[in-house]
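Hi,

Here is the structure I promised to pass on. Have a look at it first, and my notes follow underneath.

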Amino acid sequence: MKTLKEFFSSWFLSTPQSKRRIVILISGRGSNMQALLEKIKHGKLRAQCTLVVSDRKAKGLEIAKNFGVRSELFEKQKGEAREAFDKRLAERLKREKPDLIVCAGYLRILSSPMLQAFPNRIVNIHPALLPAFPGLNAQKQALDYGVKITGCTVHWVDSGVDTGKILAQASVPVLAQDTEATLSARILKAEHALYWKTVETLLCGMEVRSV
Ligand code: GRF
């Protein structure tokens, strides 16, 4: 005889929402990926991560494995052009039939084979309040500029660098004594809180207004 808790969790797990499939792309330590996998594990983000892909040997691949999630190293071959790499990647990812592809610290700019294979189905998180401070070292850019508020942005991925439509943002203060490291840590905490909620909202088919 099932307990009430078991009954409800098996009912929840059999709903279509739990079948929503995501793939996560990483290049490094994978803390955003970890935050997403934790929310999936605890049933807050109602999705399954079918695959984590890294374009380089990364700590995040090990973390994914520890969550019991399939993870693959998918490296660029010597002399391979960006489009050719993305064509191979798109072919691989199509096999996962993802509802959403979630870039979490993925360091490659996606080109047309990926964008055409998954139109409006690739999201990214950036550590600044876009359109301010796109590209690399966004936290340092914010400090150098002297802004008093910065934050993070979840956006659709298009062919530009952090130029896709903005889906959600969270702000954090910049303190007088901040270094790049302290500011980055504050923003990262906000990223971990923002990303899963935005992904959950997107997977619900709802327009993201605020999270
Ligand atoms: C995050 O700051 C994210 O906004 C940026 O790259 C960093 C990745 O960190 N795109 P992690 O690998 O998720 O820890």
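Before the ligand notes, one cut-off: I call a pair of N or O atoms a polar contact when the two are within 3.5 Å. Keep in mind as well that this is a predicted model.

With that cut-off, Gly30 makes a polar contact through its backbone, where an N or O atom lies 3.0 Å from an oxygen atom of the ligand. Two side chains also reach ligand oxygens: a polar atom of Arg29 sits 2.5 Å from one, and an N or O atom in the side chain of Ser31 is likewise 2.5 Å from an oxygen atom of the ligand. The ligand exposes 370 Å² when taken alone, and the protein buries 85% of that. Besides those three, the residues around the ligand include Asn32, Gly105, Ile125, His126, Pro127 and Glu191.

Now the fold. There is an open sheet of seven strands with mixed pairing, in the order E3-E2-E1-E4-E5-E6-E7. Strand E3 (71-73) and strand E7 (166-173) each have a single partner strand, so one side of each has no neighbour in the sheet. On average, neighbouring strands are turned by 20 degrees against each other, direction ignored. At the E7 end, strand E6 (residues 149-156) runs antiparallel to E7 and is joined to it by seven bridges; His155 stands opposite Ile166 there.

Two helices that pack on this sheet are worth a look:

- H2 (residues 31-41) touches E1, E2, E4 and E5, and its direction makes about 160 degrees with that of E1.
- H4 (residues 82-94) touches E1, E2, E3 and E4, and its direction makes about 160 degrees with that of E2.

Then there is helix H7 (residues 180-203), which has 24 residues. From first C-alpha to last, H7 reaches 33 Å, close to the 34 Å expected at 1.5 Å a residue. Just after H7 comes Gly205, with a positive phi of about 75 degrees.

Last, some backbone details you may want to check before setting anything up. Most residues other than glycine have a negative phi, and most peptide bonds are trans. Which residue has a positive phi although it is not a glycine? That is Lys97, at about 45 degrees, in the loop between H4 and E4. There is also a cis peptide bond between Leu130 and Pro131, with omega about 10 degrees. Pro131 lies in the loop between E5 and helix H6 (138-145).

Cheers

Conventions
Residues are numbered from 1 along each chain as its sequence is written. This is a predicted model: local features need pLDDT of at least 70, side-chain atom pairs count only at pLDDT 80 or more; totals for chains, interfaces and linings use all residues. Side-chain values use heavy atoms; hydrogens and water are left out. Two strands pair if DSSP finds at least two bridges between them. Helices (H or I, at least four residues) and strands (E, at least two) are DSSP runs, numbered from the N terminus. Axes are lines fitted to C-alpha atoms, for helices over the stretch in contact, and angles run from 0 to 180 degrees between N-to-C directions. Contact means heavy atoms within 4.5 Å. A residue is near a molecule or strand if one of its heavy atoms lies within 4 Å of it. A polar contact is a pair of N or O atoms within 3.5 Å; within protein, one must be able to donate a hydrogen and the other to accept it, and residues adjacent in sequence count only if both atoms are side-chain atoms. Accessible areas come from the Shrake-Rupley method with a 1.4 Å probe; for residues, only the protein chains shown count as cover. The expected span of a helix is 1.5 Å times one less than its number of residues.
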